[in-house]
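Student: Can we go through this one together, a bit at a time? I'd like to start with a helix and then move on to the core.

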Amino acid sequence: MNQRINLLRASSCLTKTVFFSIGYIMWLSSYLITRLQQFSNVSDIVIKPLKFGGLIIAFFIILMDLKIKLEVRRFLLGVLTLAFIALNNGYVAGVTIWIGVAIFIFAAKNINFRLFLKIVLVFLCVFYGSSVLLAKFGFILNSVSYRDVFVRDNLGFVWATWPVHAFLYIVAFYAILRGKKINIAEILVLGMINLGLYYYTNTRSPFILITIFLIFVYLNKYVHFNIVHNRVFRGIFLLLTPVLTLVIYWFSKNYPKYYQFDKLFSGRISYGYESLELFGIHKIGKKIFLTRVRM
């Protein structure tokens with residue numbers, strides 16, 4: 001009897017994970033499609049069914065969970081969190097993506113997370129890999145941009161940074177799924193792809209992050225050094241974000257004195273300086289309306 005119950009639970013978890021993954025990929029696709037130059041101006045007739053179709057699936061999963069077992073405290077906390085996101089979303093120019101993210105987080109209860117990661121990883125590899133290849137062989141639109149004296153190949157995307165940032169997620173997903181089974185050949189292949197993307201796009205920050213991450217993966221595999229369990233690292237990690245935030249704020253606020261660091265940070269200090277000059281920092285925040293321009 002217990003074995004039968006366990007089989008039913010496993011089957012239910014598998015079904016929920018598959019439907020959740022389909023809904024998430026539909027919703028995610030509505031954003032990824034417009035990142036390609038070829039489809040940057042695609043009609044909302046295509047985008048909206050994908051976006052809202054994915055959200056409807058996630059919302060349906062939430063309703064089914066509530067039907068099986070209604071946890072009042074969890075439900076109220078979820079409603080309050082969604083309300084908070086909706087009310088404060090105007091401070092990021094009305095970008096509704098965060099409401100979608102929250103809905104999928106609430107719908108993800110009791111899914112097979114490893115299976116979900118595998119499905120999304122395959123989707124991201126197929127989408128970004130095929131897009132880059134189609135762009136390089138001239139089957140979809142592509143262009144180049146410039147940073148200083150460097151040519152940046154957009155690899156079919158509106159911005160050259162997007163495929164590189166996506167590869168950061170791909171590497172993270174792959175490392176999580178492989179765990180201790182990952183070998184030096186896999187790490188080297190990921191490193192070579194990272195180097196190739198940097199060569200074409202000249203996108204520095206994600207290249208550095210991926211390189212550091214792969215070094216940690218190597219140390220964890222071959223040197224048996226788990227940095228996450230290191231107390232010194234955990235202390236530094238907790239302090240790193242507020243300290244770096246204050247340092248970058250100081251550099252940005254005093255940009256005329258520290259402009260020489262701007263190139264090192266890929267122009268982010270000058271962007272910060274311009275933003276502070278234009279918008280300032282207010283104690284209770286300030287609504288900033290940005291115009292979304294499709295390239």
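**Helix 11 and the core**

Student: Why does the span of helix 11 (residues 268-279) agree with what it should be?

Tutor: Helices here are DSSP runs (H or I, at least four residues), numbered from the N terminus. The expected span is 1.5 Å times one less than the number of residues. The twelve residues of helix 11 should therefore span 16 Å, and its end C-alpha atoms are indeed apart by 16 Å.

Student: Before we go on, how are the numbers set up?

Tutor: It's a predicted model, where local features need pLDDT of at least 70, side-chain atom pairs count only at pLDDT 80 or more, and totals for chains, interfaces and linings use all residues. Residues are numbered from 1 along each chain as its sequence is written, and side-chain values use heavy atoms, leaving out hydrogens and water.

Student: Within what arc do the buried residues of helix 11 fall?

Tutor: Buried means under 20% relative accessible area (1.4 Å probe, protein chains only). In helix 11 that picks out Ile 269, Ser 270, Gly 272 and Leu 276. They line one face of the helix, because the directions from the axis to their C-beta atoms fall within an arc of 160 degrees.

Student: Which helix gives the largest share of the largest nonpolar core?

Tutor: Such a core is a set of buried Ala, Val, Leu, Ile, Met, Phe, Trp, Tyr and Cys residues joined through side-chain atoms within 4.5 Å. The largest has 41 residues, with Phe 20 and Phe 123 among those with the most contacts inside it. Nine residues come from the top contributor, helix 5.

Notes. Helix = DSSP H or I, 4+ residues; strand = E, 2+ residues; numbered from the N terminus. Buried < 20%, exposed > 50% of the residue type's maximum accessible area, 1.4 Å probe, protein only.
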